Amino acid sequence: MVTLAEVAQHAGVSASTVSYVLSGKRSISVTTRERVERSIQELGYHPNAGARALASNRSNIIALMVPLRTDMYVPVMMEIAIAVATSARTHGYDVLLLTGEEGPDAVRRVTGSGLADAMILMDVELDDERMPLLRATDQPSVLIGLPADTTGLTCVDLDFGATGALCAEHLALLGHRDIAVIGEAPAVYERHTGFAERTLDGLRARSRELGLRVLHRPCEGGYDAMALTLARIFDERPGTTGFVVQNESAVEPLLALLRQKGRAVPEDVSVIAICPDQVATQASVRLTSVAIPAQDMGRHAVEHLIAKLEGRGKDEVVLLAPELTVRASTGPAPAAP
C-alpha cells in the first residue's frame, strides 16, 4: 500500500505539504498542488479513512435511514437508496445504510457516535418521533418525505397531494363519477405515513370539488386480499367505474380479478396507478400512471444535504410536480344502462 511519505518523495515535497493538499487546510500554490495530485494519481494513493476523519473531523459518510418494512414496496425504497448512493459518490461521500425500524434510537446512534457527517431519512410519518431529535442537533439532515410540521427541516418529496388531485381530475374528465382508491396496507395508514395520507387528502379534496364519490379501501396486496377488497367495493358501490391504485403489489391481482368478473379495462372500468413506470408499462394492461420519481428524489436530497454540509443550505420543502402518463388503462366512463 502506498504511503503518504512515498507520495511526498515522488512529488518532491514534504509530507506535510501532501497532507495540506488532501485536507485543504492551508493554501498551496497551484503548481505544487497539481504536482502532488499527479503523484497521488500515478501511485494510486488512497488516504486512510480513519486518519482522514480524525484530521478533518469528517467521516465523508452520509447515513441513509431506510426502514425496510414488509408492508412497503421495497423496490421503490431501494431505487431511491441507489440514487442517493450514486449522487453522494459524485460528491466524495459514501453511504451508510440503516435498515432497522429503530426510529429515534437510530438518530441518536448516528448523532452520538460520529458514524456519519449527515443524515437522510425516509419512510417519514406525519407525527414522526425522529423530528424533535433532528431539530435539536446541529448535524445536517434531509427528509425524503414530509411530516405534518416541516418547521426547521429540509424535505424533498413528490407532491403526493397534487398527485391524488391529478388522478381525480383525469377520471372526472373521462366522465367517471364513482371511483375507488385501492391503497397501501392498513398498517401504512395506521402509522400515518406521509405519502399515503397526503395522496388520499389531495384526491378527496379535488373529488369533492368535481362532484366525485370516493371509496378508499386499504389492501395488503396479493390475490386473496385483492379479491376481498374488490368484492367489498362492488358490494358497496356497484357503479364504480374508476380505480386509483397506490399499492404496487395489488396492481396485477386487480387486473386479473376484473377480467374474471367480465369487466374490461378500459371499456368498463378505468385504472390509474401511482407507481414506478416499470410497474405501469409491464402490467398485463399498460397502465395510465403517475410515476414515482425515485432517482430525482434521491438526487435532490443529496444536493440539498451537500449544500448544508458546505454551509450554503437552508431549510426548505421541495415538492416535485407529478406527471400523469396516459396509457391503455383509462377511457371514457361507460354509458349508464
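# Cavities, loops and helices of a predicted model

D123 is buried, with a relative accessible area of 7%. This value, like the others below, comes from a predicted model. D123 belongs to the loop that runs between strand 3 (118-121) and helix 7 (131-136). Its backbone deserves attention as well, since the phi of D123 is near 55°, a positive value in a residue other than glycine. As background, most residues other than glycine have a negative phi, and most peptide bonds are trans.

D123 also leads to one of the open spaces of the model, for it contributes to the lining of the second largest pocket. That pocket holds about 160 Å³ of space. Its lining further includes E125, D128, E129 and R130, together with P67, R69 and the residues G100, E101, E102, G103 and P104. By class, eight residues of this lining are charged, while two are nonpolar and two are polar.

Closed spaces can be considered next. Rolling a probe the size of a water molecule over the atoms shows where empty space is left. In this structure there are two cavities of 30 Å³ or more. The second largest cavity contains about 40 Å³ of space. Its lining consists of M65, P67, L98, G100, E102, G103, A106 and R130. Of these residues P67, G100, E102, G103 and R130 are also named in the lining of the second largest pocket. The lining of this cavity divides into four nonpolar, two polar and two charged residues.

The largest cavity has a volume of about 300 Å³. Its lining is made by 19 residues, and those that lie nearest its centre are M72, V76, M77, F160 and F195. Here the classes are 13 nonpolar, two polar and four charged residues. Which helix gives the most to the lining of the largest cavity? The answer is helix 5 (residues 74-90), with three residues.

Helix 5 also holds S87. With a relative accessible area of 14%, S87 is buried, because a residue counts as buried when that area is under 20%. Apart from neighbours within four places in sequence, S87 is in contact with R299 and V302.

F160, one of the residues nearest the centre of the largest cavity, leads on to helix 8 (residues 160-173). This helix has 14 residues and reaches 20 Å from its first C-alpha to its last, close to the 20 Å expected at 1.5 Å a residue. At its N-terminal end helix 8 is capped by D159, a side-chain oxygen of which lies 3.4 Å from the backbone nitrogen of G161. The buried residues of helix 8 are F160, T163, G164, A165, C167, A168, H170, L171 and A172. After the helix comes G175, whose phi is positive, near 95°.

A second positive phi in a residue other than glycine is that of H192, near 55°. H192 sits in the loop between helix 9 (186-190) and helix 10 (194-210). Is H192 buried or partly exposed? With a relative accessible area of 40%, H192 is partly exposed, whereas D123 is buried.

R237 occupies the loop between helix 11 (223-236) and strand 8 (242-245). Although charged by class, R237 is buried, with a relative accessible area of 18%. Leaving aside neighbours within four places in sequence, R237 is in contact with D178, R213, V214 and L215. R237 and A180 are 57 residues apart in sequence, yet their C-alpha atoms are 8.8 Å apart in space.

Helix 12 (248-260) comes next in this account. Its buried residues are E248, A250, V251, P253, L254, L255, L257 and L258. Which elements do the buried residues of helix 12 pack against? They pack against helix 5, strand 6 (178-183), helix 11, strand 8, strand 9 and helix 13 (277-282). Just after helix 12, G262 takes a positive phi of about 75°.

The loop from helix 12 to strand 9 (270-274) contains P266. The peptide bond from V265 to P266 is cis, with omega near 10°.

Methods:
Residues numbered from 1 in each chain as written. Predicted model: local features only at pLDDT ≥ 70, side-chain atom pairs only at ≥ 80, totals over all residues. Heavy atoms only, no water. 1 Å grid on protein atoms, 1.4 Å probe; cavity = no way out; pocket = protein on both sides within 12 Å on 5 of 7 lines; lining within 4 Å. Points joined across faces, edges and corners; volume = space filled by probe spheres on them. Helix = DSSP H or I, 4+ residues; strand = E, 2+ residues; numbered from the N terminus. Buried < 20%, exposed > 50% of the residue type's maximum accessible area, 1.4 Å probe, protein only. Contact = heavy atoms within 4.5 Å. Expected span 1.5 Å × (residues − 1). Polar contact = N/O pair within 3.5 Å; in protein donor to acceptor, adjacent residues only side chain to side chain.
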